[in-house]
Structures are given as C-alpha cells and as structure tokens.
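Okay, thanks for having me, everyone. Let me put the structure up and then walk you through a few parts of it.

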Amino acid sequence: MPRFIHMADLHLGAPFSFLGENKQKIRRKDLESAFTRAVDFALDPDNRIDGVWIAGDLFDMIDPPDDTVYRVKSEIERLNRGNIDVLLAPGTHDPSIYPESVYKKHKFKGLTILNDYNIGEPLHWRYGDRDFFFYGFEYHPIHSNPPFGKFQKTDSPGVHVAIIHGSLMLSNQWDIADAHVPLYPEDLGKTGMDYIALGHYHNFMEKNIGGSLVVYPGTLEGRKFSESGERFLVVVEFDHNNIRIEKIPWNRRIFQQVEINIDMEPVENETDIIKLIQEFSARGEDLLLRVKLTGVSEFIINSDFIRRIVSNKFFHFEIEDDTDILDSMALESIASEKTVRGLFIRNILGKLMDADEREEKVLKKALKLAMVKLQGGENLEI
Ligand SMILES: [Mn+2]
C-alpha cells in the first residue's frame, strides 16, 4: 500500500526573535532536526514510505541562510538516493516567483516543485499497481486567480492528490487576501480529489469535504504559543478502499499555556504563585511556558520577581498578569490613604471612569506597575 509523509510549515531558518541568542540557535536546530528525523523515518525500510509531500513554507523566508539551504539540499538528496519522491508546493514564506527565491538560486536534486498553473494536467506517477495524479500550484498575482478551489481532477482512474499552501475558509466572514489562497469548502468539495494536502495553518486539522480528505499536518516543532501542545509527523496510507492517517508525536520541545486563577488557589503572595508554577518544571528544559494569572488579586503581583525566580527552570518562560485589582479590598484601602500612592491611585481610578477599552488596558497596567514601585510607600505621606 502506497504510503507518504505529508509535511508543511517547517519554517527552517526561522529567527525566533523572542528568544535570547543562545536559545534562538538551539530552537533553529530543533526545527532542522525535526526535518532530518522525518527524512530518517522516510528512509527506514520498516516504514515503507514512497514519497514525501511538502505543502509550503519549508523555509521561513524567500532567501534563507546558506547553511540551512545546504542542509535541506543534502536531506532531499538523501531521499532521492533512497528512491523516495519529494513533491513541494511553495508557501507564503518561501514563494518561488521572485528572482531572489531560494528555489531560483539553488537546484535541489530530487525535488519536484508544483508551481505552475496548468493544474488540469497533473503529474502522473505510479506506486506499486496504483496510478497517482498530483495537482498543485503556487500563488502568483497574475497567473493564479480566485476562487482557487475550482480546479477539477481528470477522468483518469487512480488516486488524485492536490498539494496546496492555502487557507481553508471555515467561516465566510474572514477577509483573506488572495496571496493567502482562500479555499472555500464548497469549491474543494467539487474537485473530486481523494486527498488535499494543505499547508499554511500551523495546527493539525483533518476534514472530509465532499468526499475529499483535507488535511493540515501542522508544524513539526511549535514556533509560537498559538502552536501549543503536541506536533505530529503525518503519514498517509492509501489502501484500495480508504485513506488512513497516522499521527506520530514528533516535537522535541513543547509550547504550553496555562492559566492560574488565583481566586481558586490558596495564593497570598508571589512565593505561593512560584510554587504553583514550579509544578510544571518536571519537563522544564523542554518547555516553553506561558502563565496567565487571572482572578481578583488582593496584592500587587510583582511578575518581574516571579520571572526572575522561575525562568531558569524552563527553556523559555513568560508571565502575563491579567488579574483584576480594581475589585480588591487592598486597592480600596490604599486609595483612601493620605499618601503619594493613595493620591496616585485616586488619580488613575478617576481616569478609568471615562476611559475607552484601550486606555483602560494601559491605565490598569500603569496602576499595577506603579503599585509594585510604590509598595511599602505607606510612609510617603502627603
Ligand atoms: Mn507557515
């Protein structure tokens, strides 16, 4: 039974600018190693892989650093020597239409790029006793026109697969630019494809649309907190009656977001919060953790202090203080003080009365920052 790896959005060469210099390098290596491990998997005879499909954003940029390019070249050559076909549709991050594009500047031996617009004439390859037809295109401001889902499979008997980097439109209200290739389910449903290999959305998604199996594999390693949780290597197997998707956990490190509602926990000070955060430190060196504090706080939380204490327990740590102190008894009591901080708070509270949503956010933040600085300010009488 023909088996393929369907990947997308590897974003090799991504800068990871929110991390420090050292961690940026490690994380870039994580991404490269996820790709190398996928190639190893494809070459392992036990896995019986016939081909690798990459639905765009293999690279994070049009013209990635040389070391990244050479690494990818050698991995694709490795697949080529192992008789594994590699098919790629360029993505929004690595389009091939510009002169400085990595796909124009370099030749990748063993890589077949689906970027023409003559999608009525698919590529025809045979795997075992089955005929496969591959369709794909890349966004081009002149040659590709919306609606992008209106291509059709040919009448040839066999398996018909489309590889596209695009946006599956699950809600018609979204206003998505043509460059992001909006794909409407009602159009995709009419294409008659057996499998539509998508890239662009970074989390796994699988949908049956009008008889076509439409899949986003997601990233192999998360790039940001919107890619939290497990990542998968997706293997697609075609037996004569159906298509089977196998999801193999693949990520080396993991993004995780947690909310700590301090109303629900016995929290009286920063140390109590630190204890709660340290419960996540078992897998700390592999964890990129974002903690969001919510609830009504009876004290001003010094999140910088918490960050300083716990951040070395994790690969990366972020804390967001979204607690509400406006309703706290502590604030009420300070606001009635005849002190500098009492005056300051009364001032902010006054401004909050007729603040719009954006001002309110800024004022609340100012209130918290000032309270941290003015802690112990009871003696600054006015
Ligand atoms: Mn992407």
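**Helix 8, the cores and a helix pair**

Let's start with helix 8: on the face turned away from its buried side, you'll find the exposed residues Gly-350 and Met-353. Just keep in mind that this is a predicted model.

So what does helix 8 look like overall? It covers residues 340-353, 14 residues, and reaches 20 Å from its first C-alpha to its last, close to the 20 Å expected at 1.5 Å a residue. Now for the other face: Arg-341, Gly-342, Phe-344 and Ile-345 of helix 8 are buried. These four sit on the same side of helix 8, because they cover an arc of only 160° around the axis. And what do the buried residues of helix 8 pack against? That would be helix 7 (329-335) and helix 9 (357-373).

Okay, on to the cores. The largest nonpolar core has 66 residues, and Ile-5, Ile-163, Ala-197 and Leu-198 have the most contacts inside it. Helix 1, residues 21-43, gives the most to this core, with 6 residues. If you click on Ile-5 and skip its neighbours within four places in sequence, its contacts include Ala-38, Ala-42, Trp-53 and Leu-233. There's also a second, separate core of 23 residues, with Phe-315 and Ile-334 among them.

Last stop, helix 1 again. Helix 1 packs with helix 2 (residues 66-81) at an angle of about 10°, and their axes are 10 Å apart. So helix 1 is roughly parallel to helix 2. Among the residues making that contact are Phe-35 and Val-39 of helix 1, and Arg-71 and Leu-79 of helix 2.

Definitions and conventions:
Residues are numbered from 1 along each chain as its sequence is written. This is a predicted model: local features need pLDDT of at least 70, side-chain atom pairs count only at pLDDT 80 or more; totals for chains, interfaces and linings use all residues. A nonpolar core is a set of buried Ala, Val, Leu, Ile, Met, Phe, Trp, Tyr and Cys residues joined through C-beta atoms within 7 Å. A residue is buried if 20 or more other C-beta atoms lie within 10 Å of its own, exposed if 12 or fewer, and partly exposed in between; C-beta atoms are placed from the backbone. Helices (H or I, at least four residues) and strands (E, at least two) are DSSP runs, numbered from the N terminus. Two residues are in contact if their C-beta atoms, placed from the backbone, lie within 7 Å. The expected span of a helix is 1.5 Å times one less than its number of residues. The arc is that of the directions from the helix axis to the C-beta atoms. Axes are lines fitted to C-alpha atoms, for helices over the stretch in contact, and angles run from 0 to 180 degrees between N-to-C directions. Angles under 35 degrees count as roughly parallel, over 145 as roughly antiparallel, 65 to 115 as roughly perpendicular and the rest as oblique.
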